[in-house]
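The paragraphs below lead through one protein model, from its overall make-up to its strand pairings, its core and a few single residues. Please keep the sequence and the structure in view while reading.

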Amino acid sequence: MKKTTKGALAAAAAGSILLGGAGTLAYWTDTSTSPGGTITGGTLSLVNPTCTWTLEHTGATTQTAITQAGIANVRLVPGDKATQTCTSQITATGDNLAATLSVTNPFNDSGDLAPAISLTSSFKVGTQAVTRITSADNAKNLQTVVVVDFPFGTEDNSTNGAKTEVIPDFVVTATQVNDVTVTP
């Protein structure tokens, strides 16, 4: 083997020793500790509902108050509206919390009066009509109004007379939505 080839091999071996394990390659490192913290989940609930019923007839100027137990004794006729008004306290805590409001229609489609009556609902926080609540509404009262409407029509007594419809509990639902604008 030539002396130049032996010299090149020796130089390459010396270079790899220097880079690989001889400790001539140096770099610095450092660490810092960022402080942790505690986070807490928010809440969303509608609590302590209190409800009343009223009955009114189309064209009437007065409403009749009905107790919760007394609603079973009401005999609706075409033109009547039975209205349930419930007030619940809103518990809505959390940054950027928003929830839509809805009432589940409890009517059984096969009930005797189901084709003739309808259900509508609306919501208020204070005097403001709303369709959703936010954490700004925490500890305020939500008023839910559900109207059972038996509209005046052309049915004769044999169509709906003495028929019944069981109205189960109305279910008011607050469902969180993910469309809140985040503010710094």
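A residue is called buried when its relative accessible area is under 20%, exposed when it is over 50%, and partly exposed in between. On that scale Cys51 is partly exposed, because its relative accessible area is 32%, whereas Cys86, at 12% relative accessibility, counts as buried. These classes should be read with the origin of the coordinates in mind, for this is a predicted model. The mean pLDDT of the protein is 81, and 73% of its residues reach 70 or more. Among the elements, helix α1 (residues 3-20) has the lowest mean pLDDT, at 59, while strand β6 (residues 128-130) has the highest, at 97.

The overall make-up comes next. The secondary structure amounts to 2 helices and 9 strands, and, read from the N terminus, the elements follow the order α-β-β-β-β-β-β-β-β-α-β. Of the 184 residues in the protein, 25% are buried. The exposed surface comes to about 12900 Å², of which carbon and sulfur atoms supply 55%. When contacts with a separation of 6 or more are considered, 76% of them are between residues that stand 24 or more positions apart.

How are the strands joined to one another? In one part of the pairing pattern, strands β1 and β3 run antiparallel and are joined by 13 bridges, with Thr43 standing opposite Thr93 in β3. Strand β3 also pairs with β8, again in the antiparallel sense, over 10 bridges, and here Ala82 stands opposite Val148 in β8. Strand β3 is thus a partner of β1 and of β8.

Another part of the pattern involves strand β4 (residues 98-104). Its pairing with strand β7 (residues 132-134) is antiparallel and extends over 3 bridges, and in β7 the bridge partner of Ala99 is Ile133. Strand β4 is also joined by 6 bridges to strand β9 (residues 171-176), the two running antiparallel, and the partner of Thr100 in β9 is Thr175.

The pairing of β1 with β3 is accompanied by a covalent link. The protein has 1 disulfide, which joins Cys51 to Cys86 with an S to S distance of 2.0 Å. Because Cys51 lies in strand β1 (residues 43-57) and Cys86 in strand β3 (residues 80-93), the pair ties together parts that are 35 residues apart in sequence. The torsion about the S-S bond of Cys51 and Cys86 is about 115°, so the disulfide is right-handed.

Strand β1 also holds Pro49, a residue that is exposed because its relative accessible area is 53%, where the class begins over 50%. Leaving out residues up to four places away in sequence, Pro49 touches Thr87 and Ser88. The C-alpha atoms of Pro49 and Thr85, two residues 36 positions apart in sequence, are separated by 9.7 Å in space.

Which residues of the largest nonpolar core touch the most other members? In this core of 25 residues, they are Leu101, Ile133, Leu142, Val148 and Phe170. The elements that give two or more residues to the core are β1, β3, β4, β5 (118-125) and β8 (141-150), and the largest share, 4 residues, comes from β8. Two of the residues already met in the strand pairings return here, since Ile133 is the bridge partner of Ala99 and Val148 stands opposite Ala82. For Leu101, the contacts beyond four places in sequence are with Phe123, Val130, Thr131, Arg132, Ile133, Leu142, Thr173 and Ala174, and among them Ile133 and Leu142 are themselves named with Leu101 as core members touching the most others.

Two loop residues complete the tour. Asp137 lies in the loop between β7 and β8, yet Asp137 counts as buried because its relative accessible area is 11%, under the 20% limit. With its neighbours within four places in sequence set aside, Asp137 is in contact with Ile90, Val125 and Arg132, and Arg132 also appears among the contacts of Leu101. Gly70 is found in the loop between β2 (64-66) and β3, and, at 15% relative accessibility, Gly70 too counts as buried. Its C-alpha atom is separated by 8.9 Å from that of Trp53, a residue 17 positions away along the chain.

How values were computed:
Residues numbered from 1 in each chain as written. Predicted model: local features only at pLDDT ≥ 70, side-chain atom pairs only at ≥ 80, totals over all residues. Heavy atoms only, no water. Disulfide = S-S within 2.5 Å. Buried < 20%, exposed > 50% of the residue type's maximum accessible area, 1.4 Å probe, protein only. pLDDT = per-residue confidence, 0-100. Pairing = 2+ DSSP bridges. Contact = heavy atoms within 4.5 Å. Areas by Shrake-Rupley, 256 points an atom, 1.4 Å probe, with all protein chains shown as cover. Core = buried A, V, L, I, M, F, W, Y, C linked by side-chain atoms within 4.5 Å.
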